[in-house]
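I sat down with this model to look up its fold, its core, its cysteines and a few backbone details. These are my notes, in the order in which I looked.

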Amino acid sequence: MAVYKETITNIHSKGGSPTYINITAEVKDIIARSGIKNGIVCVISPHTTCSVFFEEYVHDEMPNGKEFIQQDLDNCLEKIIPDQTKWGQYFYPGVKHFEEVESWPDYLSYLPSGTREELFNADAHLKATILGNSATFEVDEGKLGVGKTGYVYFVDFDRTHPRNRRCKVVVIGE
């Protein structure tokens with residue numbers, strides 16, 4: 001059995017609202033480079049406010065660039081987990097968490113404007129928890145084993161500011 005790993009590094013979230021990125025082509029390319037013909041591929045987000053999920057590609061888009069199903073997902077999640085906009089709306093983040101982040105040498109990468117409100121992302125953590133941080137697929141004859149309209153998406157639910165993200169891909173098989 002062989003194991004092949006790569007990281008997708010060209011993922012940039014926009015901030016302001018959840019950012020969805022179609023990573024299907026990258027996953028297919030990684031499978032091809034792995035040389036593995038039959039097995040599984042695991043697509044994993046190492047970030048606590050991000051998810052990887054499987055959904056149909058939707059040809060229709062909103063004016064904001066989101067596919068209809070992505071906007072529908074945002075609308076549904078917003079009903080059960082409203083965007084965090086003020087102190088006390090959620091328990092997280094607490095004072096100890098603020099103090100810890102502010103003690104980090106690179107804290108300005110987490111608080112670019114230096115304000116604690118930039119950590120108001122409890123909603124992003126909860127949404128990512130519900131969807132999960134990974135998805136596993138079949139590798140069949142060296143190809144991603146999904147149907148014609150099945151696509152792999154990476155989503156960053158953190159709206160606080162733009163970020164550079166990454167996604168790990170592990171191909172296992174023969």
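The entries below go from the whole chain to single residues.

**Entry 1, the whole chain.** I note at the outset that this is a predicted model. I counted 4 helices and 8 strands in the protein chain, and reading along the sequence I wrote down the pattern β-β-α-β-β-α-α-α-β-β-β-β. Along the principal axes, the C-alpha atoms fill a box of roughly 50 × 40 × 25 Å. Of the 174 residues, 41% count as buried, and the accessible surface comes to about 9,600 Å², with 54% of that belonging to carbon and sulfur atoms. When I took contacts between residues at least 6 apart in sequence, I found that 78% of them join residues at least 24 apart. I also looked up the charges: there are 18 positive and 25 negative ones, and their mean positions lie 2 Å apart.

**Entry 2, the cores.** Which residues have the most contacts inside the largest nonpolar core? I found Ile23, Val27, Val41 and Val43 in that role, within a core of 21 residues. At least two residues of this core come from each of β1 (2–13), α1 (24–34), β3 (39–44), β4 (50–56), β5 (134–140), β7 (150–156) and β8 (163–173). Apart from this core lies another, of 8 residues, and among them I noted Tyr20, Leu77, Ala128 and Tyr153. As background, nonpolar side chains in soluble globular proteins tend to be buried together.

I then took Val43 and left aside its neighbours within four places in sequence. Val43 is in contact with Ile23, Val27 and Val52, with Asn133, Ser134, Ala135 and Phe137, and also with Val152, Cys167, Lys168 and Val169.

**Entry 3, the cysteines.** How many disulfides does a search of the whole structure find? The search gives 0. For Cys50 I could see why: its sulfur is 9.0 Å from the closest cysteine sulfur, in Cys167, which is too far for a bond. Cys167 is likewise in no disulfide, the nearest cysteine sulfur being that of Cys50. I next asked whether Cys50 is buried or exposed. With a relative accessible area of 1%, Cys50 is buried, and Cys167, at 0% relative accessibility, counts as buried too.

**Entry 4, Glu138 and Glu141.** I placed Glu138 in strand β5, where a relative accessible area of 44% makes this residue partly exposed, because that class runs between 20% and 50%. Not counting residues up to four places away in sequence, Glu138 touches Gly39, Lys143, Leu144 and Gly145. Its C-alpha atom is separated by 9.7 Å from that of Ile172, although the two residues are 34 apart along the chain.

Glu141 is in the loop between β5 and β6 (143–144). I noted a positive phi of about 55° for Glu141, although this residue is not a glycine. Its relative accessible area is 58%, so Glu141 is exposed.

**Entry 5, a cis peptide bond.** Last, I looked at the peptide bond from Tyr92 to Pro93, which is cis, with omega near -5°. I located Pro93 in the loop between α2 (68–80) and α3 (95–103).

Note on methods:
Residues numbered from 1 in each chain as written. Predicted model: local features only at pLDDT ≥ 70, side-chain atom pairs only at ≥ 80, totals over all residues. Heavy atoms only, no water. Core = buried A, V, L, I, M, F, W, Y, C linked by side-chain atoms within 4.5 Å. Buried < 20%, exposed > 50% of the residue type's maximum accessible area, 1.4 Å probe, protein only. Contact = heavy atoms within 4.5 Å. Areas by Shrake-Rupley, 256 points an atom, 1.4 Å probe, with all protein chains shown as cover. Lys, Arg positive; Asp, Glu negative; His and termini not counted. Charge placed at Lys NZ, Arg CZ, Asp CG, Glu CD. Disulfide = S-S within 2.5 Å.
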